[in-house]
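Biologist: Before we discuss any particular region, could you bring up the chain so that we can both look at it?

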Amino acid sequence: MGPIRVPPPAEAPHGISPQNGAVPGERSKQDKSVKRGNWGNQIEFVLTSVGYAVGLGNVWRFPYLCYRNGGGAFMFPYFIMLVFCGIPLFFMELSFGQFASQGCLGVWRVSPMFKGVGYGMMVVSTYIGIYYNVVICIAFYYFFVSMTRVLPWTYCSNPWNTPDCVGVLDGNLSSHAAVNLTRLFNATQKRTSPSKEYWRRYVLNLSDDIGNLGEVRLPLLGCLGVSWVVVFLCLIKGVKSSGKVVYFTATFPYVVLTILFVRGITLEGALTGIMYYLTPQWDKILDAKVWGDAASQIFYSLGCAWGGLITMASYNKFHNNCYRDSIIISITNCATSVYAGFVIFSILGFMANHLGVDISKVADHGPGLAFVAYPEALTLLPISPLWSILFFFMLILLGLGTQ
């Protein structure tokens, strides 16, 4: 009896291996999408996704949540939520978009009953796009006005300031008050900083009543136009242009963060700020609100269920390893949040040391951190306009990456 001869496997059409999971008799899936196009290379997709995930929330939301919810102890529920909620959802959306090669609307052909989810994603993304561009325009405004010898929010001697304004560098303060303002903070709640009054009374020019709409701020309108034009130019050719832009917008913020970090840790009081940021309060782990904040920060930061991940992954090649990408992007995003906390609290620690107050008096979150607390701290540094330009340029790039 002769040897058994096994016939060679039939050649798969289009040069695709039959071991790709295709059903026998079904047409093999093309690795590239001729109609939609693909990313120039895998680095472009990873950088774009990192820019999408790493945004303003990493800088102005995570550090505040961390110190408010137990400092270093908050890292425990945060990374638990990352492993069990963030990465699985991130991987699911990337694999969904990559498999179907469709955006967040077309992908629901898999189950037309859920196409309303796709429209909901579009609505959410539209709102976020409008909101983010407003934040970018304010960052542009602060970036432009920082190009001066003295930052305009340094002193209280401006037309928009009130009698309640107390600046740490004002010449009318005694030397004792300039070094230690604890008594002023404790004696009155009316004390306002020049950076806060600059933000509320000059930049925004808030009206005194909801019925009074106020006026259009032409400088902000111009900066808003600039931000829309920049976003348009970044996206004018789809992934062909945006894939090239992210080489700069996704990487340079890390350069700026590192510069600010090196500068921050050399300041007096920086170590106190960092310890305040990291010192664990283990009793808060038992608080359900802490776990809720950890989950909301993961969802908010990774951008799950907004449609962006599905759309970006739809330009991947069919056999791309999106499991690897989801882990790399998710961990990079969370590590950036932790790193940004060191940058923020080293400067805030220096400011608290200069004022002689507790760090909780100067720590803030959201726009209050980016446009009030941190700018005021920058006025205390030598060559403050340089650090202000770097900081707001970083905010612009973080916003553009997400946008």
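Modeller: A helix is here a DSSP run of H or I with at least four residues, and a strand is a run of E with at least two. Please keep in mind that this is a predicted model.

Biologist: What percentage of residues 45–63 is helix?

Modeller: An unreviewed UniProt entry lists residues 45–63 under "transmembrane region", along with other spans including 327–352. In the model, the end C-alpha atoms of residues 45–63 lie 27 Å apart, and the span has 0% strand, while its helix share is 84%.

Biologist: And how far apart are the end C-alpha atoms of residues 327–352?

Modeller: This span, also listed in that unreviewed UniProt entry, is 100% helix and 0% strand. The distance between its end C-alpha atoms is 37 Å.

Biologist: Which helix gives the most residues to the largest nonpolar core?

Modeller: That core holds 96 residues, and Tyr142, Phe371 and Leu395 touch the most other members. The element that gives the most to this core, with 14 residues, is helix 15 (residues 322–355).

Biologist: Which residues does tyrosine 142 contact, leaving aside neighbours within four places in sequence?

Modeller: Tyrosine 142 is one of the three residues that touch the most other members of the largest core. With those sequence neighbours left aside, its contacts are Trp153, Tyr198, Trp199, Val203, Phe371 and Phe392.

Biologist: Is serine 301 buried or exposed?

Modeller: Serine 301 is found in helix 13 (residues 288–302), and, not counting residues up to four places away in sequence, it touches Ala53, Asn58 and Asn333. Because its relative accessibility is 5%, serine 301 counts as buried.

Key
Residues are numbered from 1 along each chain as its sequence is written. This is a predicted model: local features need pLDDT of at least 70, side-chain atom pairs count only at pLDDT 80 or more; totals for chains, interfaces and linings use all residues. Side-chain values use heavy atoms; hydrogens and water are left out. UniProt positions are given in the numbering used here, feature names are shortened, and annotations may be inferred rather than shown by experiment. A nonpolar core is a set of buried Ala, Val, Leu, Ile, Met, Phe, Trp, Tyr and Cys residues joined through side-chain atoms within 4.5 Å. Buried means under 20% relative accessible area, exposed over 50%, partly exposed in between (1.4 Å probe, protein chains only). Contact means heavy atoms within 4.5 Å.
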